[in-house]
Amino acid sequence: MDRKPRRPVRSAPAAAVTAAVLAVTAALGVVAPGAAAAGRTAGTGPDAARVPLRVATYNIHAGAGQDGVFDLDRTAAAIQDLDADVVGLQEVDVHWGARSDFTDEARELAGRLHMRVFFAPIYDLPPATPDAERRQYGVAVLSRLPVRGAWNHEITRLSTQTPRPVPAPAPGFAEVSVRVRGVAVHVYTTHLDYRADPSVRRTQVDDMLAVLAEDRGPKVLLGDFNAEPGAPELARLWGPLADAAADGGKTYPAAGPVRRIDLVTVSPDVTVTGAYASGTTASDHRPVVADLLLRRRCR
């Protein structure tokens with residue numbers, strides 16, 4: 001895969017899991033690259049030189065619905081209904097615990113949906129028993145498109161796994177480079193701090209923008225930001241990026257949502273043609289879908 005030197009580096013266990021997952025899903029009956037996008041052709045006229053791409057973001061609540069019941073088949077069905085080429089997922093368990101039956105959710109969802117996957121753990125802990133797999137929790141990217149490169153970046157976090165945590169760099173900011181009908185695009189997936197104090201989220205925004213600044217071309221940042229777009233701590237995002245679903249509807253909680261904290265954001269060279277929040281209650285968040293047009297470079 002296309003890789004370049006990056007300042008954040010995956011730990012060895014995370015890299016091993018990622019390689020295994022990518023290898024397994026690539027061997028499945030994966031949908032032909034760009035199949036979904038091909039069904040939304042730009043046609044002729046001014047948009048003929050632009051390439052369609054559908055993206056989505058979804059906090060899957062570790063596979064549990066608004067009802068609190070773990071049901072990964074229901075989660076997979078909700079994702080399938082989005083018909084997206086690339087999906088950023090948050091709150092993904094990989095052998096994490098009883099709440100998700102110690103399932104490798106990244107691998108299982110990729111298999112059910114016939115998609116490629118990149119899993120970026122935030123936490124990578126020893127197994128619950130000596131003969132079990134390591135316990136991991138983080139974000140993931142599902143893709144119908146070939147994954148040309150994948151990175152698990154560090155951003156500032158307050159750990160939920162240690163008492164009295166202090167802000168420190170930690171992994172779990174995922175990036176994949178995909179190519180759709182000849183156009184390369186960088187897609188990032190994030191899950192920002194949930195606490196009322198906005199200071200960590202503000203730092204996380206700065207950290208993410210520093211990563212994005214290293215890449216050229218169209219960019220899409222997906223995620224659960226745990227803050228609405230007008231929150232002061234997100235202000236630095238707007239300019240480098242734009243809110244793709246400003247009229248897409250609120251996303252949390254899934255039943256009777258009152259906040260829009262699940263966002264699709266895009267760089268200025270990406271055109272948004274439509275966006276919406278799905279009404280599914282397969283998680284405690286609603287997923288957000290956006291239809292985009294990427295500009296072909298003239299030769």
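Reader: How many bridges join β2 to β4, and do they run parallel or antiparallel?
Author: Seven bridges join β2 to β4, and the two strands run antiparallel. Bear in mind that this is a predicted model.

Reader: Who stands opposite Gly 88 there?
Author: Val 141 in β4.

Reader: And what about β3 and β4, how many bridges?
Author: Nine bridges, again with an antiparallel run; β3 covers residues 116-125. One of the pairs there is Phe 119 with Ala 140, the latter in β4.

Reader: Is β4 mostly covered or mostly open?
Author: Mostly covered. Eight of the nine residues in β4 are buried.

Reader: OK, zoom out. What's the strand order in that sheet?
Author: Reading across, β3-β4-β2-β1-β12-β11, six strands in an open sheet with mixed pairing. β3 and β11 are the edge strands, each pairing on one side only. Neighbouring strands are turned by 20° against each other on average, ignoring direction.

Reader: How do β11 and β12 pair?
Author: In the antiparallel sense, over seven bridges. Ala 277 stands opposite Val 288 in β12.

Reader: Which strands does α3 lie across?
Author: β1, β2, β4, β11 and β12, and α3 runs at about 155° to β1. α4 packs on the sheet as well, touching β2, β3 and β4, with its direction at about 140° to that of β2.

Reader: Stick with α3. Which residues are buried?
Author: Leu 72, Thr 75, Ala 76, Ala 78, Ile 79 and Leu 82, in a helix that covers residues 72-82. Down the axis of α3, those buried residues fall within an arc of 160°, so they line one face of the helix.

Reader: Why would spacing like that put residues on one side?
Author: An α-helix has 3.6 residues a turn, so residues three or four places apart point the same way.

Reader: What's on the face turned away from the buried side?
Author: Gln 80 and Asp 81, which are exposed.

Reader: And what do the buried ones pack against?
Author: Besides the strands β1, β2, β4, β11 and β12, they pack against α4, which is residues 105-113.

Reader: How is the N-terminal end of α3 capped?
Author: By Asp 71. One of its side-chain oxygens lies 3.2 Å from the backbone nitrogen of Asp 73. After the helix comes Asp 83, with a positive phi near 55°.

Reader: Switching sheets. What's the order in the one with β5?
Author: β5-β6-β7-β8-β10-β9, an open sheet of six strands with mixed pairing. β5 and β9 stand at the edges with a single partner strand each, so one side of each is left without a neighbour in the sheet.

Reader: Which way do β7 and β8 run, parallel or antiparallel?
Author: Parallel, joined by six bridges. Val 187 stands opposite Val 220 in β8 there. As for what covers the sheet, α5 packs on it, touching β5, β6, β7 and β8, and its direction makes about 150° with that of β5.

Reader: Which residues of α5 are buried?
Author: Quite a list: Val 200, Arg 201, Gln 204, Val 205, Asp 207, Met 208, Leu 209, Val 211 and Leu 212.

Reader: What span should α5 have, and how far apart are its ends?
Author: With 14 residues at 1.5 Å a residue, α5 should span 20 Å, and its end C-alpha atoms are 20 Å apart, which agrees.

Reader: Back to the strands. How many bridges between β5 and β6?
Author: Nine, with the strands antiparallel. Gly 149 has Ser 177 in β6 as its bridge partner.

Reader: And β6 to β7?
Author: Seven bridges, also antiparallel. Val 180 stands opposite Val 183 in β7. The hairpin has two residues between the strands, and Arg 181 takes a positive phi near 50°.

Reader: Last one: where does Pro 146 lie?
Author: In the loop between β4 and β5. Pro 146 is partly exposed, with a relative accessible area of 23%.

Reader: How far is Pro 146 from Val 180 in space?
Author: 8.2 Å, C-alpha to C-alpha, although the two are 34 residues apart in sequence.

Terms used: Residues are numbered from 1 along each chain as its sequence is written. This is a predicted model: local features need pLDDT of at least 70, side-chain atom pairs count only at pLDDT 80 or more; totals for chains, interfaces and linings use all residues. Side-chain values use heavy atoms; hydrogens and water are left out. Two strands pair if DSSP finds at least two bridges between them. Helices (H or I, at least four residues) and strands (E, at least two) are DSSP runs, numbered from the N terminus. Buried means under 20% relative accessible area, exposed over 50%, partly exposed in between (1.4 Å probe, protein chains only). The arc is that of the directions from the helix axis to the C-beta atoms. Contact means heavy atoms within 4.5 Å. A polar contact is a pair of N or O atoms within 3.5 Å; within protein, one must be able to donate a hydrogen and the other to accept it, and residues adjacent in sequence count only if both atoms are side-chain atoms. The expected span of a helix is 1.5 Å times one less than its number of residues. Axes are lines fitted to C-alpha atoms, for helices over the stretch in contact, and angles run from 0 to 180 degrees between N-to-C directions.
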